[in-house]
Amino acid sequence: MKNIFFKLTINVVKHPNKQKILFFLLSIIKIRYLRLCRRFIIYLVLGFFTSFSIYTIAIAESPHISYLSDSQLKQGQIFYQAGQFTEAVNAWKDAISYFEKHNYRRNQALTLSYLALGYQQLGKPLEADKVSHAALKIIAKPSSQSTDNLVYAQILNNQGDLLFSQGKIEAALVAWEQAEKQYQKLGDKVGEIGTQINQARALQTLGYFIRANNLFKQVTISLLQQPDSQLKFSGLLNLGNSLRIVGDYSSAKYSLENSLKIAKKLSLPIETQIALLNLGKLANIEHKIDVALDFFQKAANPNYFIFNQNQSQNQLQIQLQAQLYQLDILWQLNRHSEAEKLLQKIQTEIPKLPPNQTKIYAEIELATNLVKLSNNSAIHLPNSSIQAAKLLANAQHQAHILGNYRAESTALGKLGNLYEQTQQWEQATNLTKQALHVAENINAPDIAYQWQWQMGRILKIQGNIPGAIANYKQAFQDLQSLRQDIVAINQDIQFSFRESVEPVYRELVDLLLQDTPNNSTFQKQENLISARETIDALQLAELANFFREACLDRKTIPIEKIDPSSALIYPIILRDRIEIILSLPNQPLSHFPIQIPQTQVEADIKNMRQSLRRTSFTTERLTVAKQIYTWLIAPIIPTLTQNHINTLVFILDGNLRNIPLAALYNGEKYLVENYQIALAPSLQLFQAQPRARDRIQILAGGLTAANGELSPLPGVEREIQLLSQKMPTTTLLNEQFTIDKLQAKLQKPSYSIMHLATHGQFSSKASNTFIKTWNGEINIERLSRLMSDRNLKGSLPIDLLVLSACQTAKGDERATLGLAGVAVRSGARSTLASLWTVSDESTADLMGAFYKELLTSGVSKAEALRLAQLELLKKPEFKHPYYWAAFILVGNWL
């Protein structure tokens, strides 16, 4: 499912003394907010709807506005709300002519700013810019009249929205900050809150989700000081959905549940319906399917609410959204008979809607579901593809009439995708080209990349590889331009990223690495460089997705330039093979294809991970370890030997992150017996500063005693004693190991190593990645703050972070992404961590040996870890890889 950019909403209410603009709330990429104002019933659903929204705009009034102009303004609002942007623009033009003729400059300026929004929706950015500047020119600066200042603030708000929709996010943020200052001067707290919400929207889009979340919390503090109201409801709803975006699901639930309580208390049926809908989406993201279904069923049940006549149309539109979510869940649960009944009901309800944007996207959404179901052999829906084609064709036609070009591009592209699936290549090509043309004309890279990707697939299947590569590269470039807000493109980002973003990178790499006889040596090397850059960009995109924030403030330093005796190895899992890209210092890239189906690769990776349990048989373990060695290492051994390489730095792909490469086996020795081994999250995230060997001091924390649900770790005390015997160590144990005390100790600049021997978990979700202390958890966000507070005070970054008792989340195939997240977010130059919880005794021995070697002159961290692992390997009781292979070094290996 592809998602759409939506416009924001402008609300107006009456002031006791004069007509007053409150503020416009926002719609974000795929985010909808809900707001009820006294004059207009407006629904703004903050959340990640995959397809449709209700466009709304309300008009500031003036005692000077005649009946005619007032009617035109309101008619423009009605047209805009319905997604009929051409009609809205014409109505506002008439109103502007009237205001200009009668010298009502405030109303003229304000309506010009609305007109700019209409032009932007019609894909006319130049006209939008022109009238927006004209609006500001009429009221060039605030005057002594509060009405002028109020209109000026509103125009700044509108300008921020215009800039936002044009992708000029930083400029939009500045405009909203200026508007906030105007509202503050006027003492307009409501307007101030509105601009703060808009600023949070900009921060989200820029990738600063934590900052946006903090701003939403600040807004909520202001709201909580007020009695229960529609505004308070809206703020809590917005905050809850913001928290959902950043992955703080428990706090999101608290905010959304409180918004629901207010809606019920104030007897607001629409707000109640929307709160239920958003709680359903939260439960759905948390994979609480039954809970989500219950919320969606309540939101879609007309008997659950009492609506007045004016609310019925909006109620139907929200109900339809809930039904579409409900339909998807019923298919997932294989409750086919219920789903088919609901499908028939939805098909009956859609024609009742007026020809507006909501109806268009409902048709697109339903068509998407039908196409998905037509590919499921377990579900029999006669003529589902034909029904989908009719829905998409009708949606495209209505979108074109209404001038809603984003919707038109989406409908055209999905129709092209339907023809692609039925292998009708000519129609698929024409429709995809049309969709791409429309998207490019309105400067919508979030839509355009999808059709470039689609065109690349079509050309690839037809054998036009150069054409396919060109389209894939353009899709890749668009995704790179969107990387700062890539996490805001999809509904459930953890799921959709793998469906809608990751395949673009992988399929491009596949094309670039295909051996084409006509390619020159130069072209092959260029393709190799592009393939490496693409897979590296995927690693960064995955981390941005994990963090819900795109800012990874590290310098770009090519790893292979750091250590002349190291080799950088990219193993890439493709559908029909493994590709290994090898980078050696001062040499061109080389690659080694190994023809093996992805299904077998994934199966053997899983088998190897299972074989590392303590009770596994030697034959079972070594057989699969040798097989994977044959794929990943054997092809490059001659090159490594010839170039005297002694350190292997891997940037691992997919499930390869789940296995310890040290335990790969060549038939005689483990890989660690021949090479130092390190991992890097990405080529661009390496910190190259040398290690200061003469001033090593350790800050150690750990838990040895049971605490609540935490089991005791009796070996931790011996582990910390061993390292304190070798280096100066400050210890926080059990009750002393609290978050506050750890933070206080970290402020001292002398510590170069932080060693935490405590329970912890790595997960593919940041919310499930944490380290335990005596009085709570340190999650990714808290860890980042602890480290950044230290660095801001002039202390050097921690050189080494050791997490000796952590493990990856069970059942989570991408859990090691959490380990990479900790390594990056901590700010430490290196992270030494365990993939699974290991025996206390063996861990203490390994750590003691590691720190002993670390003090030796000329020994790198990677070599110290290798020697420590070899020491355990020599001991009969610890020779099994279970005891020594779990520990991996991420980051700076020097």
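Three elements each supply at least two residues of the lining of the largest cavity: helix H22 (521-547), helix H29 (816-825) and strand E19 (887-891). Of these contributors, H29 gives the most, with four residues. The model is a predicted one. The volume of this largest cavity is about 190 Å³. Its lining comprises 17 residues. Closest to the centre are Arg657, Leu679, Pro681, Thr816 and Ala820. By residue class, the lining of the largest cavity is made up of 13 nonpolar, two polar and two charged residues.

Rolling a probe the size of a water molecule over the atoms reveals where empty space remains. In this structure, eight cavities reach 30 Å³ or more.

The second largest cavity holds about 140 Å³ of space. Its lining numbers 17 residues. Those nearest the centre of this second cavity are Ala662, Ile677, Phe887, Ile888 and Leu889. Strand E9 (676-679), helix H31 (861-874) and E19 each provide at least two residues of the lining. The lining of the second largest cavity divides into 14 nonpolar residues, two polar and one charged.

Strand E19 links the two descriptions. It supplies at least two lining residues to the largest cavity, and E19 also supplies at least two to the second largest.

Technical notes. Residues numbered from 1 in each chain as written. Predicted model: local features only at pLDDT ≥ 70, side-chain atom pairs only at ≥ 80, totals over all residues. Heavy atoms only, no water. 1 Å grid on protein atoms, 1.4 Å probe; cavity = no way out; pocket = protein on both sides within 12 Å on 5 of 7 lines; lining within 4 Å. Points joined across faces, edges and corners; volume = space filled by probe spheres on them. Nonpolar A, V, L, I, M, F, W, Y, C, P; charged D, E, K, R; others polar.
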